[in-house]
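Biologist: Hello! I am new to reading protein models and would love a close look at one part of this one, with enough of the surroundings to find my way.

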Amino acid sequence: MQGARGRPSLNVRTALGATLALCTVAAAPASDWPQFRGPTGQGHAPDEPVPLTWSETENVAWKAPVPGRGWSSPVIADGLVWLTTAVTDRETGTSLRLLAYDATSGDAVMDVGVFDISDTILLNQKNSFASPTPVIDPAGERVYVHFGAQGTAAVAAGGESAGAVLWRTRFSYTSQHGNGGSPILHDGLLIVSIDGYDTAFLVAVDAETGEEGWRAVRPAPISQAYSTPLAIRVGDADQIVNVSAFRASAHEPATGNEIWRVEYPGGFSNVSRPVYGHGLVYLSTGFNEPVLLAVRPTGRGDVTESEVAWRLRRGAPLTASPILVGDELYTVTDSGIATCIDALTGEIHWQHRLGGNHSASPIHAGGRIYFQNEEGVTTVIAPGPGLEQLASNELDGSTLASMAVSDGAFFIRTGTHLYRIEEAP
């Protein structure tokens, strides 16, 4: 299935071609960051030493320019950092592209044109044409990209076919604010949440071929949502938890059949990704009046009245995903109010204004929690029921993409650059 307009382009930097082929042969190291929010999809980095402090003049290993505009977060495997971006020409349209950088040097290694579209005007000025984060397969052989209604594709990550677009497909729908939710991989399936005004469904395609495997259509009413599904293990079976407008649901990975659902009639335009721990799924119901729900994933059918362990209205996030560390759950609102919650009871331990506006999801690395705001400032706190702020770090430019961690370093995307942040030798 072909892209929207014109012939997709490929620009591989030949001077680094041999390096690319070599670094993608080896098995992915344990410190890879292959999807949105890392190895577990919940914002936890491998147990590695990472910097506490940084600035434009401190602990910056490299800073590489990123062309175009995009808010996809970095993903990392086999020594390469991957991003998507959109390069717009007001007269000819927009090229949706996949970029790769050498994780050690910051050199640009690959620049692949995946789709060409005629659109040049953003549906939401805070968004981009390239906001969903790519996902890398466990073998490090393919990178999967999703550009919302503009298309989904698989790209070869290395070897002689590096940069080749292996398949393309498209799920057409109408959205108010553009693309947002990222794809996930599970047991050979690429799973994507599609939520528009005109249609809404969770869909799985064969990761090898791009052919549709199953589609779970949402019942009415429907509306837009921008969340990323999460695969969890409950007992001896897996579930795909998907947060959408007016309801969240869990599905059998092989068939898409619904296992359970929880209803929230007033919630839509959901962005944050759920997290799972202590036998509970924590999710936000979205805009209007957001509510944070803790749901037991052991029920069947409509569990709205039977399996919601607790609800919290104060501090429920809209855009940033929560993070669970130990017995505490941490959230941050779009306006920068962080909340620490007892994960088992829903009791609030503390609330604190971090400053700035927040879209990026927090991460847990090196025994600390990092909150990054849209203005380039990262606030670092110690986990625990008492608030202890450890540092405040600032970079130039806007920061809406979430941070990634690999090999003891942070990879941070701003509106114009990609940074590698690590302790100076």
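Biologist: Among contacts in the chain between residues at least 6 apart in sequence, what percentage join residues at least 24 apart? And could you then take me to I76 and its surroundings in strand β3?

Modeller: Happy to! Please keep in mind that this is a predicted model. To begin with your number: 55% of the contacts between residues at least 6 apart in sequence join residues at least 24 apart.

Here is the overall setting. The chain has 1 helix and 34 strands. Its radius of gyration is 20 Å, close to the 22 Å that the globule rule gives for 425 residues, so the chain is as compact as a globular protein of that length. Along the principal axes, the C-alpha trace spans about 60 × 50 × 45 Å. Of the 425 residues, 60% are buried. The surface that the chain exposes comes to about 15800 Å², with carbon and sulfur atoms supplying 50% of it. As for charges, there are 27 positive and 45 negative ones, and their mean positions lie 6 Å apart.

A word on confidence before we zoom in. The mean pLDDT of the chain is 92, and 93% of the residues reach 70 or more. Two stretches fall well short of that. Over residues 1–10 the pLDDT stays under 50, and the model gives this stretch 32 contacts beyond four places in sequence. Over residues 12–28 the pLDDT is below 50 as well, with 26 contacts in the model beyond near neighbours in sequence.

Now to the part you asked about. I76 sits in strand β3, which covers residues 75–77. Is I76 buried or exposed? With a relative accessible area of 2%, I76 counts as buried because buried means under 20%. Setting aside residues up to four places away in sequence, I76 touches D32, W33, P34, V81, I136, A404, V405, S406 and F411. You can also pick out P132 as a landmark: P132 is 56 residues from I76 in sequence, and their C-alpha atoms are 15 Å apart in space.

Let us follow one of those partners, D32. This residue belongs to the loop between α1 (17–23) and β2 (60–65). D32 is buried too, at 7% relative accessibility. Beyond its neighbours within four places in sequence, D32 is in contact with P39, I76, A77, D78 and S406. Notice that S406 is on the contact list of I76 and on that of D32. For a sense of distance, try finding L293: it is 261 residues from D32 along the chain, and the two C-alpha atoms are separated by 30 Å.

R37 is in the loop between α1 and β2 as well. R37 counts as buried, at 3% relative accessibility. What is the phi of R37? Its value is near 75°, which is positive in a residue other than glycine. Why point that out? Because most residues other than glycine have a negative phi, and most peptide bonds are trans.

With that in mind, you may like two further places in the chain. H278 has a positive phi of about 55° although it is not a glycine. You will find H278 in the loop between β19 (275–277) and β20 (280–284). H278 is partly exposed, with a relative accessible area of 40%. The other place is the peptide bond joining A220 and P221, which is cis, with omega about 0°. P221 lies in the loop between β14 (212–217) and β15 (230–234).

That loop between β14 and β15 also holds S227. S227 is buried, with a relative accessible area of 2%. Leaving out neighbours within four places in sequence, the contacts of S227 are G181, S193, V243, N270, V271, S272, R273 and P274. G158, by comparison, is 69 residues from S227 in sequence and 29 Å away in space, C-alpha to C-alpha.

One last stop, if you would like to practise on a strand again: T94 is in strand β5, residues 93–102. T94 counts as buried at 2% relative accessibility. The C-alpha atoms of T94 and I121 are separated by 9.5 Å, and these residues are 27 apart along the chain.

Terms used:
Residues are numbered from 1 along each chain as its sequence is written. This is a predicted model: local features need pLDDT of at least 70, side-chain atom pairs count only at pLDDT 80 or more; totals for chains, interfaces and linings use all residues. Side-chain values use heavy atoms; hydrogens and water are left out. Helices (H or I, at least four residues) and strands (E, at least two) are DSSP runs, numbered from the N terminus. The radius of gyration is taken over C-alpha atoms; the globule rule is 2.2 Å times the number of residues to the power 0.38. Buried means under 20% relative accessible area, exposed over 50%, partly exposed in between (1.4 Å probe, protein chains only). Contact means heavy atoms within 4.5 Å. Accessible areas come from the Shrake-Rupley method with a 1.4 Å probe; for residues, only the protein chains shown count as cover. Lys and Arg count as positive and Asp and Glu as negative; His and the chain ends are not counted. The place of a charge is taken as NZ of Lys, CZ of Arg, CG of Asp or CD of Glu. pLDDT is the predictor's confidence in each residue, from 0 to 100.
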